[in-house]
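Below is a short note for a colleague who has not looked at this structure before. It goes through a few places in turn.

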Amino acid sequence: FAKSEKYVAPTSGGIIKKFSMSPVFDETMGDWRSHGGTDFKADEGQEIKAVGNGRVSKVISDPGWGYIIEIDCGDFTARYCGLLQGTTVKTGDTVSEGDTVGTVGIIPCESAAESHIHLEIIKDGDRVDPENILGK
């Protein structure tokens with residue numbers, strides 16, 4: 001796949017919780033912890049878009065994060081947490097910026113928050129702020 005020249009948000013919904021490596025209060029878990037991704041408002045069942053061109057490297061189920069898709073975008077991995085089971089893409093699929101990769105489900109470990117998709121960007125093994133990648 002050709003690397004994207006720019007990256008887009010996974011949904012048109014605004015940000016409801018920003019990335020923070022400093023502890024923030026987690027309403028669901030009732031404690032203080034880092035928030036290694038950005039939460040974008042999205043209604044349950046809403047389609048989620050690829051932030052950029054890439055190859056699906058992982059599709060898994062996690063008891064805390066729900067269904068997760070990871071897409072290798074070349075310079076980083078985009079991890080989408082909280083998708084419905086039976087996602088649109090499968091491991092090995094190639095996607096283009098804006099393609100539908102799945103639909104919003106629930107995130108058990110963030111269930112006290114309004115409906116959303118949790119997006120993490122992993123670069124060189126570390127989580128980085130998605131807002132520093134999107135729009136570039």
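The points below concern a predicted model and move from strands to single residues to enclosed space.

1. Strand β7. A good place to begin is strand β7, which covers residues 66-72. Five of its seven residues are buried, so β7 is largely enclosed by the rest of the structure. As a general matter, side chains in a regular strand alternate between the two faces of the sheet.

2. The partner before β7. Strand β6, residues 54-62, runs antiparallel to β7, and seven bridges join the two. Three residues lie between β6 and β7, and the two strands form a hairpin. To find the pairing on screen, look for Val-59, which stands opposite Ile-69 of β7.

3. The partner after β7. On the other side in sequence, β7 pairs with strand β8 (residues 77-83), again in the antiparallel sense, over six bridges. Here Tyr-67 is set opposite Leu-83 of β8. This hairpin has four residues between its strands, and Gly-74 in the turn has a positive phi of about 100°.

4. Arg-79. Is this residue of strand β8 buried or exposed? Arg-79 has a relative accessibility of 18%, and the limit for buried is under 20%, so Arg-79 counts as buried. Its side chain makes a polar contact of 2.7 Å with the side chain of Glu-70. Beyond the neighbours within four places in sequence, Arg-79 is in contact with Ile-68, Ile-69 and Glu-70, and also with His-118, Leu-119, Glu-120, Ile-122 and Arg-127.

5. Asn-53. This residue lies in the loop between β5 (47-49) and β6. Asn-53 is buried, with a relative accessible area of 18%. Its side chain reaches the backbone oxygen of Ala-2 at 2.8 Å. Leaving aside neighbours within four places in sequence, the contacts of Asn-53 include Phe-1, Ala-2, Lys-3 and Ser-4. Asp-72 and Cys-73 are also among them, as are Val-95, Ser-96 and Glu-97.

6. Gly-102. Strand β10 (residues 100-103) contains Gly-102. Gly-102 is buried, with a relative accessible area of 0%. Not counting residues up to four places away in sequence, Gly-102 touches Gln-46, Glu-47, Ile-48, Leu-83 and Thr-88. From Gly-102 to Ile-68 the C-alpha to C-alpha distance is 9.6 Å, although the two residues are 34 apart in sequence.

7. Asp-124. The loop between β11 and β12 (126-128) holds Asp-124. Its phi is near 55°, a positive value in a residue other than glycine. Asp-124 has a relative accessibility of 74%, and the limit for exposed is over 50%, so Asp-124 counts as exposed.

8. The hairpin of β2 and β3. These strands run antiparallel and are joined by four bridges. Asp-26 has Asp-31 in β3 as its bridge partner. Four residues separate β2 from β3 in the hairpin, and Gly-30 in the turn has a positive phi of about 70°.

9. The largest pocket. Which residues lie nearest the centre of the largest pocket? They are Gly-36, Trp-65, His-118, Glu-120 and Arg-127, out of a lining of 19 residues. The elements that give two or more residues to this lining are β2 (20-26), β3 (31-35), β7, β8 and β11 (116-123). The volume of the largest pocket is about 260 Å³. Its lining divides into seven nonpolar, four polar and eight charged residues. His-118, Glu-120 and Arg-127, named here, are also among the contacts of Arg-79.

10. The cavity. How many cavities of 30 Å³ or more does the structure hold? There is one, and the largest cavity has about 40 Å³ of space. The residues that line the largest cavity are Lys-17, Asp-26, Glu-27, Thr-28, Asp-39, Glu-110 and Ala-113. By class, this lining has one nonpolar, one polar and five charged residues. Asp-26, one of the lining residues, is also the bridge partner of Asp-31.

Definitions and conventions. Residues numbered from 1 in each chain as written. Predicted model: local features only at pLDDT ≥ 70, side-chain atom pairs only at ≥ 80, totals over all residues. Heavy atoms only, no water. Buried < 20%, exposed > 50% of the residue type's maximum accessible area, 1.4 Å probe, protein only. Pairing = 2+ DSSP bridges. Polar contact = N/O pair within 3.5 Å; in protein donor to acceptor, adjacent residues only side chain to side chain. Contact = heavy atoms within 4.5 Å. 1 Å grid on protein atoms, 1.4 Å probe; cavity = no way out; pocket = protein on both sides within 12 Å on 5 of 7 lines; lining within 4 Å. Points joined across faces, edges and corners; volume = space filled by probe spheres on them. Nonpolar A, V, L, I, M, F, W, Y, C, P; charged D, E, K, R; others polar.
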